[in-house]
Amino acid sequence: MHLARGYKTFFSFIKCVFRLYILCGLCSKTCFAELDIDTGKMVYSVETVLGTSVNLPCDITPPEAKDKMHILIWYKDKVPIYTFDSRGKKLEQGKHWSIESLSDRTGFKFQDDVAKLSLSNARESDEGSYQCRVDFRRSPTRNVLVNVTVIIPPEKVIILNEKGVQIPHYILGPYNEGETINITCVATGGRPLPKVTWWQENALLDGSYDYLSERKVQNVLHIKRLERKDLHTVFTCQASNNNLIAPISSSVTLDMNLRPLWVKLLGKNKPLSADNTYELSCQVVGSRPSPTITWWKGGVQITDTRETTSPDSNATTSVLTFTPSADDGGKYLSCKGQQSLILSSAIEDGWRLEIYHVPVVTLELGSNLNALTIREGSDVYFECNIKSNPWVYKVSWRHNGQMLYNNGASGTIVSNQSLVLQSISKARAGSYTCIGSNREGDGESNVVKLDVKFAPICKSGQQRVYNVARHEGVSINCEVEANPTNTQFVWKFNNSDNQALVLDMPQSLITTNKTTSKLFYTPMTEHDYGTLLCKGVNNIGIQKEPCVFYINPAGKPDPLSNCTVVNQTGDSVQVACVEGFNGGLQQTFVLEVYDFYLDKLISNISSNRPEFFAGGLKSGRKLNLIIYASNKKGRSELRSVQTATLKSLEEFTAIANPFQQLTPILGALIGLVLTLILIATVIVIIIRVRGGEEDDKNYNRSIADSGSVLLNGTSKNTSSELLRTEVNSSVNSLEEKNPDIIPHNNADDEYLEEERAFEALGTPQTRTYLRIPAPTLQGEPNFVKTDPQSVSHKYHTIQREPSQQPFSSPRSLQRMPLYHQLPAYIPRHATENQYDYDTYISSATPLISRENNRLYIFHK
């Protein structure tokens with residue numbers, strides 16, 4: 001029982017699918033059917049155009065063979081609109097009924113494979129959802145849903161020129177040859193909005209369009225550089241929103257002004273007898289409208305002419321009545337044609353007038369030969385026809401511009417006005433001409449092409465070696481020379497020297513186009529590397545020697561080596577490396593420039609050679625250079641180089657000469673202040689020198705009360721002399737240490753001084769330094785405390801171990817600005833009778849007092 005029920009269900013499903021197939025076939029492009037799984041109803045979507053007929057399908061075939069349809073009811077939006085009642089009677093005797101509004105537009109066709117309700121003269125109100133209900137005598141009721149869409153075609157299309165004006169009489173132009181035009185097509189109306197396209201005959205020119213509003217769509221056709229072939233071209237604009245009816249369209253015809261195609265003096269340049277009258281014709285072809293034609297002889301215009309025009313107005317002929325004289329020999333007779341509406345359209349043709357003419361020669365293939373069936377090994381002959389006055393004294397032959405000579409060994413036989421070629425090869429193919437010579441010159445014939453058929457041979461210059469990785473596909477091109485070019489190819493593979501082990505390649509991997517064949521080959525294992533052989537066959541024969549291609553393994557490139565910075569400036573660096581093995585493929589070299597401290601990419605440079613130039617960098621910047629090679633298989637290991645750009649000259653100048661930036665007003669103020677200070681200093685010195693003796697006594701008394709060690713002069717003169725000596729020494733010392741005073745020694749002396757200062761700083765022994773502070777008028781004497789680890793100078797702090805200072809090379813010392821130079825330190829030793837302490841002082845600073853001209857030394 002269950003098995004029988006399963007068979008019944010299966011056959012019902014097969015019948016349902018078959019009916020669905022038939023319905024889909026009937027629906028075609030305007031009907032789409034689908035089965036609603038949830039409701040079990042068939043749902044159709046039908047499209048129709050306003051005013052046309054539409055068929056609504058409904059399957060009335062009963063599920064069982066012994067069953068019969070009783071009644072069919074059509075609903076629109078759940079309202080009955082049509083019934084077909086066959087209860088108790090045959091289908092042919094069934095009763096039809098429809099609502100009054102559809103009585104003259106509907107009909108039910110139950111005789112077709114699939115019954116359908118036909119609705120003629122579709123209206124916009126007919127759009128909606130329809131339901132077909134079919135009641136059978138025994139089977140369950142069947143319901144079919146049909147959704148009808150009524151398409152409203154567009155109303156009209158108009159074509160506008162560049163100015164937005166509708167084109168009158170459907171004639172576009174005229175435009176000059178070479179101009180660019182834009183024409184616009186606008187379609188109005190339609191639901192849905194139509195597609196607007198431009199066509200030239202059956203070719204689509206432009207399928208893009210823009211929606212202007214809810215009812216307008218436009219398409220602008222842009223034509224660049226009008227050509228001669230565009231004359232009288234019909235451009236058609238179509239607007240369509242369905243595939244049921246023909247689209248509406250509008251067409252315009254292009255009118256153009258054309259420049260002349262050529263200007264030619266008709267006839268041949270043959271000798272003209274003096275004092276005889278000739279009519280020479282010049283034809284100008286292709287100008288539209290008619291051209292302007294003028295004649296010239298030796299730069300002087302000739303006006304005795306008349307003109308005629310061909311019926312199609314394409315050719316205009318000007319006839320010159322001309323009586324030459326002996327003086328006209330060698331002059332140039334020319335005809336010039338131009339289109340006055342187009343600039344620079346003039347073309348000129350002319351003859352050099354002669355009394356006698358060179359031979360006129362024509363060449364043709366032997367009369368019993370068929371030029372289409374000549375193959376290698378055949379015999380060929382040519383005949384040269386000559387017209388000459390005076391007669392020729394020599395006839396010569398040329399093949400592809402090269403002279404031919406009688407040579408029986410090579411199969412070339414020259415006999416008077418005939419040329420015989422025996423047992424020709426493909427090398428004999430090409431252009432043949434014959435030349436007749438007389439005392440006036442040589443006349444060369446027309447070119448006769450000799451087409452020699454031959455079997456395929458391998459074309460030279462092809463890529464023979466392919467470097468491929470495993471599991472990588474490569475397209476191998478095999479090109480041959482063959483005539484005829486329709487060639488079939490056979491590919492074979494061999495991975496050893498044994499020619500017996502040759503495998504045929506499957507045709508599925510081979511594509512052929514005349515004399516070129518491509519094989520898509522993918523090596524999977526190491527045994528798939530070897531030799532590929534390609535042979536061609538055409539109607540003449542099979543290729544004797546195959547084209548050979550070598551398949552080699554490929555991989556990533558090796559890393560670069562010996563990467564060196566060969567040049568560096570303030571804004572660029574130049575790097576050179578030695579390339580490694582390219583992995584069997586073409587490789588590319590890459591330089592990546594990073595900021596050393598920020599690890600930020602600054603520049604990326606690719607090159608076909610392992611040489612790089614990175615420019616546009618900032619000066620004084622430390623860089624990290626990453627260099628590698630890459631090919632299709634990947635990239636090599638990275639190589640890193642650290643370098644830096646040089647400091648710019650402006651940076652050094654800005655540091656070394658800070659006072660150059662002072663403004664003139666500020667300089668004047670400084671000069672004025674210095675002058676006032678100098679005057680005040682001179683006045684003070686004069687006053688102090690005059691009252692020096694009394695001040696010395698008072699000061700000695702105060703020092704004695706304080707218990708200080710005193711070194712006193714014995715007289716005023718002695719004090720003055722000591723003061724002058726020490727002041728001069730102090731001034732000299734200050735001048736040596738002042739960074740604003742430019743020394744007079746040369747660069748070498750400066751370098752030696754810096755080296756000696758550097759060596760002195762590197763000595764670990766204790767030193768004595770001299771410091772001269774600014775003079776004071778009153779107060780306690782200055783005491784200087786010296787730190788055994790460092791000693792303060794006016795401009796520097798000198799460390800105890802100067803070997804740790806950041807000077808890596810003499811070059812670093814040479815680049816130091818002037819104010820960075822080390823000062824000249826002066827060691828000083830005290831005498832035994834001057835101190836109550838040690839005989840040697842590790843660090844001391846003399847103090848000069850203007851009041852008593854005495855030198856006090858204190859020991860720490």
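1. A strand, as the word is used in this note, is a DSSP run of E of at least two residues, and strands are numbered from the N terminus. In these terms Pro174 lies in strand β12, which covers residues 171–176. The bond that joins Gly173 to Pro174 is a cis peptide bond, with omega of about 10°. The model under review is a predicted one, and every remark below should be read accordingly.

2. A cis peptide bond also joins Asn483 and Pro484, again with omega of about 10°. Here the proline is placed in a loop, the one between β39 (474–483) and β40 (488–494). Most peptide bonds are trans. A reader who inspects the backbone may therefore wish to look at both sites, Gly173–Pro174 and Asn483–Pro484.

3. On the overall make-up, the protein chain has seven helices and 57 strands. Of its 860 residues, 35% are buried. Among contacts with a separation of 6 or more, 63% are between residues 24 or more positions apart. The accessible surface comes to about 51400 Å², and carbon and sulfur atoms contribute 52% of that area.

4. The largest nonpolar core has 27 residues, and the members that touch the most others are Leu72, Trp74, Phe108 and Val146. Two or more residues of this core come from each of the strands β2 (42–49), β3 (54–57), β4 (69–76), β5 (79–85), β8 (116–119), β9 (128–136) and β10 (142–151). A second core, separate from this one, holds 23 residues, among them Ile181, Ile183, Val196 and Leu258. In soluble globular proteins, nonpolar side chains tend to be buried together.

5. Met42 deserves a separate remark. The residue lies in strand β2. Its relative accessibility is 13%, and it counts as buried because the cut-off for that class is under 20%. Met42 and Val144 are 102 residues apart in sequence, yet their C-alpha atoms are 4.9 Å apart in space.

6. Strand β30 (residues 394–399) pairs with two other strands. Six bridges join β30 to β34 (residues 430–438), and the two run antiparallel. Three bridges join β30 to β31 (residues 402–404), also in antiparallel fashion. Trp397 takes part on both sides: its bridge partner in β34 is Cys434, and in β31 Trp397 stands opposite Leu404.

7. Ser396 is likewise placed in strand β30. With a relative accessible area of 12%, Ser396 is buried. Leaving aside residues up to four places away in sequence, Ser396 touches Met403, Thr433, Cys434 and Ile435. Cys434 thus appears twice in this region, as a contact of Ser396 and as the bridge partner of Trp397.

8. What form do β30 and β31 make together? They form a hairpin with two residues between them. Asn400 is placed in the loop between these strands and has a positive phi of about 55°, although it is not a glycine. Its relative accessibility of 46% makes it partly exposed. His471 presents a similar backbone feature, with a positive phi near 65° in a residue other than glycine. This histidine lies in the loop between β38 (465–468) and β39. Its relative accessible area is 57%, and His471 is therefore exposed. Most residues other than glycine have a negative phi.

9. One open sheet has four strands in the order β20-β21-β25-β24, with antiparallel pairing. Which strands stand at the edges? They are β20 (262–265) and β24 (305–309); each has a single partner strand, so one side of each has no neighbour in the sheet. From one strand to the next, the twist averages 20°. Within the sheet, five bridges join β24 to β25 (residues 315–322), which run antiparallel. In this pairing, Thr305 stands opposite Leu320 in β25.

10. The final point concerns an annotation taken from a record. UniProt, in an unreviewed entry, places the feature "transmembrane region" at residues 665–687. In the model, this span is 100% helix and 0% strand, and its end C-alpha atoms lie 34 Å apart. The annotation may be inferred rather than shown by experiment.

Notes. Residues are numbered from 1 along each chain as its sequence is written. This is a predicted model: local features need pLDDT of at least 70, side-chain atom pairs count only at pLDDT 80 or more; totals for chains, interfaces and linings use all residues. Side-chain values use heavy atoms; hydrogens and water are left out. A nonpolar core is a set of buried Ala, Val, Leu, Ile, Met, Phe, Trp, Tyr and Cys residues joined through side-chain atoms within 4.5 Å. Buried means under 20% relative accessible area, exposed over 50%, partly exposed in between (1.4 Å probe, protein chains only). Two strands pair if DSSP finds at least two bridges between them. Axes are lines fitted to C-alpha atoms, for helices over the stretch in contact, and angles run from 0 to 180 degrees between N-to-C directions. Contact means heavy atoms within 4.5 Å. Accessible areas come from the Shrake-Rupley method with a 1.4 Å probe; for residues, only the protein chains shown count as cover.
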